[in-house]
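Trainee: Hi! Could we go through this one together? I'd like to get a feel for how the helices and the interior are put together.

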Amino acid sequence: MTYILAIDQGTTSSRAILFDAQMQRVGTAQREFPQHFPQEGWVEHDVEDIWNSVLTVCREVMETVGASAAQIAGIGITNQRETTVVWDRATGKAIHNAIVWQDRRTADICARYRQAGCEDDVTAQTGLLLDPYFSGTKVKWLLDTVPGARARAEAGELMFGTIDSFLIWRLTEGRSHVTDATNAARTLLFDIHKGVWSPEICDLLDVPLDMLPQVRDCATDFGSTSLLGGDIPILGVAGDQQAATIGQACFQPGMMKSTYGTGCFALLNTGATPVASKNRLLTTIGYQLDGQRTYALEGSIFIAGAAVQWLRDALEIIESAPQSGDLAAKADPNQHVVLVPAFTGLGAPYWKPDCRGAMFGLSRNSGRAEIARATLESIAFQTRDLWHAMQGDWGADANVILRVDGGMSASDWAMQGLANYLGAPVDRPVMQETTALGAAWLAGMKAGIYPDQDGFAETWRLDQRFDPALSETERDAAYARWQRAVQATMAF
């Protein structure tokens, strides 16, 4: 047997998935790890928790399947993007907890740069906005805040990387300080047009270029690891949303996918040409193969599945996430409760980091079911925000079909609601592990055991299509309520 090992390092857990030579999943192991919230709006991870969870799940899935290192042709890595680690070049130890993509502590730094008129230049090079979401200002905060960090960085003693880069450094035992183009494109430090780190922006944010990893294609040699019982090459890397785009075989311009995990991230393939957004979307690299960059428009929603976790953990009105759809189905259809889940600010197309969540339309009869329905509907409404913005930038046909994945895509109720409020079909694939599959395909294709892009695209299979079941009048009325609620929330 020949296998590909996919490492899927996410925001709340790490997973390892073994795929066979036919790209079928044969084993999975998963471990959650703690989240740390030192202050309001701050989110951190202990990188040792991440590292230990990754090693554990890799070893677990290999043992469960009975796969030896010699049987694994390559490793593909996909990861939570933007999460920032700075570590000691000599010891490999982080100088501080990782600052997670959700973290908003650098909002004031971003505001100062915007007020100084820097955002247009930053956006022109990176395709991104000056927002705490991205890695660049997180690195600046670490260097400015951790005692002695800036002097050590300027002396060449510290290294920066997103989670993929940190994992590769550890897996290769300090031999490889690398990343791929998709992760580099999310740092706020990378010129997506030239394909290089931007000296101007690094200088602006006081980030020494020597800290940064080498940027490579998504499918190439990233080094090898001997920590799993034998020498295994690392052959594929992509940030989680780009990996899902690859896993959904969205290789043609105009194809769109939306992943519903902790947040929601929609990517639209725009081909070899980067499209500058007029609607505050992000221009990013979808993937880079054989030195050729394929670009995408991206809309980022900070809270999607995390809102369902809120129902479970904070409100305690459900015991498990799958119960949310059943509960929402019991809601009074005559009540119009609207939740704006801006728990960590609003992402695209609003970009309001200081905004916080709010609920509207409550009556004396509003209860658990109405809140559950409002929570699931909020994800559909946020997706419609992105849908409209992408149509405005790309000129996409109204009949575009959206491919969905992620944990929430398993909910028939949520996906039907998504189709209802978009007024467009929603396609859910048979293989919903699209993020891990994308990473696996990159590695397997590079190893020579998986097909090329066209061959891989032919393997995509539909599980279920959800067609709209609301009238245009009902759909537009509900969306108008959402828009009023968002405006009121931002004004609070």
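Mentor: Happy to; what follows is a chat about some helices, the nonpolar cores and one proline in this predicted model.

Trainee: Let's start with α6. How many of the residues of helix α6 are buried?

Mentor: Nine of the nine, over residues 163-171, so α6 is largely enclosed by the rest of the structure. The buried residues include charged ones by name, Asp164 and Arg170, along with Phe166, Leu167, Ile168 and Trp169.

Trainee: And what phi does Glu173 take just after α6?

Mentor: A positive one, about 55°.

Trainee: OK, new topic. At what angle do α12 and α13 pack?

Mentor: About 45°, with the axes 9 Å apart; α12 covers residues 368-394 and α13 covers 412-422. That angle makes α12 oblique to α13. As for handedness, α12 passes α13 in a right-handed crossing.

Trainee: Nice. Which residues in α12 and α13 meet?

Mentor: From α12 you have Arg373, Leu376, Glu377, Ala380, Phe381, Thr383, Arg384 and Trp387. On the α13 side they meet Trp413, Gly417, Leu418, Tyr421 and Leu422. By type, the residues of this contact divide into eight nonpolar, two polar and three charged.

Trainee: Now the interior. Which residues touch the most other members in the largest nonpolar core?

Mentor: Leu189, Tyr260 and Leu418, out of 100 residues in that core. Helix α12 gives the most to this core, with eleven residues.

Trainee: Leu418 came up with the helix pair too. What does Leu418 touch?

Mentor: Leaving out residues up to four places away in sequence, Leu418 touches Tyr260, Ala380, Thr383, Leu402, Val404 and Val426. Ala380 and Thr383 are also among the α12 residues that meet α13.

Trainee: How many residues are in the second, separate core?

Mentor: There are 37, including Tyr3, Val61, Val85 and Leu171. You've seen Leu171 already, as one of the buried residues in α6.

Trainee: Last one: where is Pro341?

Mentor: Pro341 is in the loop between β19 (338-340) and β20 (358-360).

Trainee: Is Pro341 buried or exposed there?

Mentor: Buried, with a relative accessible area of 2%. The cut-off for buried is under 20%.

Trainee: What does Pro341 touch?

Mentor: Not counting residues up to four places away in sequence, Pro341 touches Ile303, Ala307, Ser378, Gln382 and Trp482.

Trainee: And how far apart are Pro341 and Arg31?

Mentor: They are 310 residues apart in sequence and 27 Å apart in space, C-alpha to C-alpha.

Methods. Residues are numbered from 1 along each chain as its sequence is written. This is a predicted model: local features need pLDDT of at least 70, side-chain atom pairs count only at pLDDT 80 or more; totals for chains, interfaces and linings use all residues. Side-chain values use heavy atoms; hydrogens and water are left out. Buried means under 20% relative accessible area, exposed over 50%, partly exposed in between (1.4 Å probe, protein chains only). Helices (H or I, at least four residues) and strands (E, at least two) are DSSP runs, numbered from the N terminus. Axes are lines fitted to C-alpha atoms, for helices over the stretch in contact, and angles run from 0 to 180 degrees between N-to-C directions. Angles under 35 degrees count as roughly parallel, over 145 as roughly antiparallel, 65 to 115 as roughly perpendicular and the rest as oblique. A crossing is left-handed if the near helix is turned anticlockwise from the far one by less than a right angle, and right-handed if clockwise. Contact means heavy atoms within 4.5 Å. Ala, Val, Leu, Ile, Met, Phe, Trp, Tyr, Cys and Pro count as nonpolar, Asp, Glu, Lys and Arg as charged, and the others, Gly among them, as polar. A nonpolar core is a set of buried Ala, Val, Leu, Ile, Met, Phe, Trp, Tyr and Cys residues joined through side-chain atoms within 4.5 Å.
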